[in-house]
Amino acid sequence: MPFLHAAMLWGSLAVSIPVVIHLLNKRKFDRVVWAAMRFLQVSVDQNQRRIQIEDLLLLLLRCLLVLLLVLALARPALRAASTGLLGQTKVTAVIILDNSGSMSASDGVKSRFDRGREAAQQIIDTLPTGSSVAVLLGSDISSGLIPEPTYSLNFAKDQLASADLSDRASNLFPAVKQALDTLHGRSELRKEVYVITDRQASAFQQMNEINRAVDEERKNIRTHVLFVGEPEERNLGVSSLRPSGALAIANNRVRFTVEVTNYGKETAKDVKVTIAVDNDPPMDDQSIDEIPGNSSKTIPIFAKLRNEGFHTVTARIPTADRIPADDVRTVAVRAISDVKVLLVDGNPGSEARESASFYLKNALQPVPATERENYYIKVNTIGITDLDTVKFGDYQVVALADVSDFSKNVADQIDQYVKAGGGLLIFPGPTLSRNFYNVDLAGRGLMPATIGEAYGDEGEKNKDNGKFFVLQGKNIEHPITSLWNDTGVGRLTTAKFYKAYELIPAVSKTGPKG
């Protein structure tokens, strides 16, 4: 039997006090022989046994009184499982209900979340009178539906009835940690945590941390895990949706990349994917011939954002399965009407094709000259001498093409422009001053790297078998170049470079920049 104040049991040593007093007060007789003694001997012999029994009973009662007083101060309590005249020990419980997206899976009658909610309410119904309960909703974060234990069990059941399912990922460690922290240090005898979840492996991705936290409190807190729902053998989900380019132009078709994952074991065939903007009907659909089990496939799909501002773009698998939460994915996209680019030409050349900006300008406006006024990328080309009169805030991007250097005043303006959110592109050329860029621009933090020595020979381009460099053609991970993972948009390796500058990453206290 446990005691709430076990230290008081040392008081049981006080039982010896009545015994000591009894022994000290025990009467001693001096033997005196006289003639009349023989007449009293018979009476003494008859009463002596009765007196000894009465003294012994009195001693036992005194000891028992002291012992009962000590036990009362130590506050004995029954174990959690014990029942009887005193009833069950009160419980302080924390219920964790998984509300991640996978709990939306249904067996055709009820979702896992509905069954988990019912299980939580049944746990509350079985708690002994006088118990208290807290309720946490767990996904990859922990949110307190009832963060601190309440004695109003009916209130807890009402809150569970109104709990909402989320579309978040699953990771129960934050909720388990919060539950254990809530119960840690509380004086209640019986403390318990109930975790209600499905069988998703991601829910226990931090299993080592969960085990460690539970083991630290094992002596004081009991933890129970209840599984709801059966494992789902078939499930498709939209695992990724992203724009394929950095720009989303209003009233133009925007390319998106949709990734669909087959979480089941069997191959899924003829998977249809649609895309819609805001609350409009789907405006495009694509089909994937087949997706093997436990693998993913991506497809391009197009949507038109009809006006400027923010829009929601939603990719959907129209044929819903038993886990509808992952059949839809939505992203927010900002549409703009145009992009204003200031192109600074540092080497005009003797004719148009020889200028440093010729190919860059045509790349930015890949349309006939008659259509450039209406194209969404607006390019204004100037020379170095015009830099002092430019208002950089009128442009989203400033591109420097073989600009050797410029004044400190212009450098200050560009510094302020970039800090305000403007974009700066630098295309080095033969006239570039490395010292100016490395000191005046990289020194301001406007470049992620300094410019090293040039290598290669641009004269090689005039030879039949001239030596050249190419860009990386596969395993492209950075978002700015990930477009070329799709062979349908061309290959980076087709571009040839005959001369290049070495870039030396700038090093800070936290490591290389860029």
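These are my notes on the fold, the nonpolar cores and one surface patch of a predicted model.

**Conventions.** I number residues from 1 along each chain as its sequence is written, and I leave out hydrogens and water, with side-chain values using heavy atoms. The model being predicted, local features need pLDDT of at least 70 and side-chain atom pairs count only at pLDDT 80 or more, while totals for chains, interfaces and linings use all residues.

**Whole chain.** I find nine helices and 20 strands (DSSP runs, H or I of at least four residues and E of at least two, numbered from the N terminus). Of 514 residues, 34% are buried (under 20% relative accessible area; exposed is over 50%, partly exposed in between; 1.4 Å probe, protein chains only). Of the contacts (heavy atoms within 4.5 Å) between residues at least 6 apart in sequence, 69% join residues at least 24 apart.

**Cores.** I looked up the largest nonpolar core (buried Ala, Val, Leu, Ile, Met, Phe, Trp, Tyr and Cys joined through side-chain atoms within 4.5 Å). It has 25 residues, and Phe256, Val258, Val260, Val271, Leu305 and Val313 touch the most other members. Strands E6 to E12 each supply at least two residues; E8 gives the largest share, five. Apart from this core lies another of 23 residues, including Leu342 and Val410.

I then checked Val258. Beyond its neighbours within four places in sequence, Val258 contacts nine residues' worth of partners that include Val238, Val273, Ile299 and Ala315.

**Helix H2.** Leu56 is in H2, residues 37-74. I class Leu56 as partly exposed because its relative accessibility is 48%.
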